Amino acid sequence: MASDGGGERGSRLLRGILDACLLALVAEQDRYGYELAAALREAGLGMVRDGSIYPLVSRLEAKGLLDSYVAPSTSGPGRRYYRITDAGRRELWEARTTWKQVATGVDAILHVSRQGD
Amino acid sequence: MEPRPRRSYGAEIDVQIERIDRYWSKRDLTTAERYERLDELREHLERAAAEGRSPEEVLGPDPVAFAAEWDAARRPYSWAGAVMIFLGTLLLSVGAYALILRVVPWGEGDRVPGDSLVVGVAVGVAFGVFGAAQDAFRAYRHRFSRRSARVGAVLGGLLLLLGLGLVWTLLRGTGISVPWPAAVVLIVLGAALTALHVRWSNRARARRRGVTS
C-alpha cells in the first residue's frame, strides 16, 4: 500500500483508515484518482502509494459508498470523478467517531509513556 | 522536501501500461472501460513522472499485481452467491439423480443411495470453492508467488478430496427416500436458485460496466 518512505509502521497504521480518508476527501468535493493522491500527499500522507488508491475507490464504489461519473478534461480524455453517496456519508461519520476515540486513547497512552521516558 | 531530479520515464510507462493492458484484456472488462482506465493511469503516471516519480513508485514493483488488485476490487466476493450456487447445484443434482434412478434398470425406486449424495455435494462444493479461490487469488495475487499459489491450489484440492472421501465412507450403505414429486420440487428449487444467482451476477456485471445505474 505504501512506499518505503513513510515506513512500515505508517503503512500498517494507515491500512485501516485510508478508506475513511478517501471518503473525507471526496466528501469535500468530487475528485478523480490523481487529485486524491495529490491531496493525500499534501496532507502529509506521502507514504501512501498512488496505485493503492484506485483499487480502494473501486471497492468503496462496489460497496455503494462512492459513486462515479466521467467528465471531460481539457488536457486529454475524460476523467472519472468520484462523489460520496448518502451511505458513504454515514460511513464517514462512523469512521470519524471511531477514529476520535482511538486517537484520544492512543494519544493519552503515548503521552503518559513519554512523561515516563 | 528537496526537488527530485526529473528524468524521462516514457519508455517505462509504455511497458507498464502494456503489461496492465495485457492482463485486463483477459478479464471481463469492456473495451471502453479498459481504455478509460488505461488513459487515466497513463495520465497519472505521466504527471507523476513530471514530478520525478517513477512508475514503480506509483504502482509498486509488480504492475500486473496492481492490475489484478484493481480488477478484483470492483467485484467483492459474495458469500450469499456462493451459498446459492452450492445449494442450487446440490438440490438439482439430488433431484435429477432421484428421477434418473427411477427410470434406469439398476435404480432402486425412490431410494437415493447416500454415496451418490456425496457426488451432488462434491459438485456444489467444487463450484463454491472454485469461485471463492479464484476471487481470493485475484484479490491477493500480489502477496503470493506463482509457485505458492499452485502449491496452495493443489493442497486445497487434496483436502477437498479427503473430506469428500470421508463423507462418502460415512454415507456408504445409507440412503434417503425421494419420491418423484419431491424430486421435481428439488429440481425446480435448485434451478430457481441457480437462475437467481446468474441473474444477480449479470446485473452486478452490468452495473460495473455502467449499463444500468
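Which helix of chain B is Leu155(B) found in? Let's find out in the first view, then move on to where the two chains meet.

**View 1. A nonpolar patch on the surface of chain B.** Leu155(B) is found in helix α7 of chain B, which covers residues 146-171. On the surface, Leu155(B) joins Val151(B), Val154(B), Leu158(B) and Leu161(B) in a nonpolar patch. Together these residues have about 490 Å² of accessible area.

**View 2. Confidence along chain A of this predicted model.** The mean pLDDT of chain A is 86, and 90% of its residues score at least 70. Look for helix α2 (residues 18-28) of chain A, which has the highest mean among the elements of that chain, 95. Helix α1 (residues 7-15) of chain A has the lowest, 76.

**View 3. Confidence along chain B.** Here the average pLDDT is 77, with 72% of the residues at 70 or above. Helix α3 (residues 55-59) of chain B is where confidence is highest, with a mean of 91. At the other end of the scale, helix α6 (residues 114-139) of chain B has a mean of 66, the lowest in chain B.

**View 4. The place where chain A and chain B touch.** In this view, 18 residues of chain A are in contact with 23 residues of chain B. About 1,800 Å² of area is buried between the two chains, and carbon and sulfur atoms give 51% of this area. On the side of chain A, the residues that lose the most area to chain B are Tyr34(A), Arg49(A) and Tyr54(A), which together make up 34% of what that side buries.

**View 5. Polar contacts and a salt bridge between the chains.** Across the interface there are 9 residue pairs in polar contact. Three elements of chain A each give two or more residues to the side that touches chain B: α3 (33-42), α4 (53-62) and β3 (76-84). The largest share, 5 residues, comes from α4(A). Now find Asp50(A) and Arg53(B): they form a salt bridge, and their closest N and O atoms are 3.0 Å apart.

**View 6. A salt bridge from helix to helix.** Side chains of opposite charge can pair when their charged atoms come close. The whole structure has 13 salt bridges over all chains, and the count between chain A and chain B is 5. Glu69(B) and Arg59(A) form a salt bridge, with 3.9 Å between the closest N and O atoms. Why does this pair join two chains? Glu69(B) lies in helix α4 (residues 63-73) of chain B, while Arg59(A) lies in helix α4 of chain A, so the pair links one chain to the other.

Notes. Residues numbered from 1 in each chain as written. Chains lettered and ligands numbered in written order. Predicted model: local features only at pLDDT ≥ 70, side-chain atom pairs only at ≥ 80, totals over all residues. Heavy atoms only, no water. pLDDT = per-residue confidence, 0-100. Helix = DSSP H or I, 4+ residues; strand = E, 2+ residues; numbered from the N terminus. Patch = residues over 30% accessible without salt bridge, like charges linked within 9 Å, V, L, I, M, F, W, Y side chains within 5 Å. Areas by Shrake-Rupley, 256 points an atom, 1.4 Å probe, with all protein chains shown as cover. Salt bridge = Lys/Arg side-chain N within 4 Å of Asp/Glu carboxyl O. Contact = heavy atoms within 4.5 Å. Buried area = accessible area lost by both parts, 1.4 Å probe. Polar contact = N/O pair within 3.5 Å; in protein donor to acceptor, adjacent residues only side chain to side chain.
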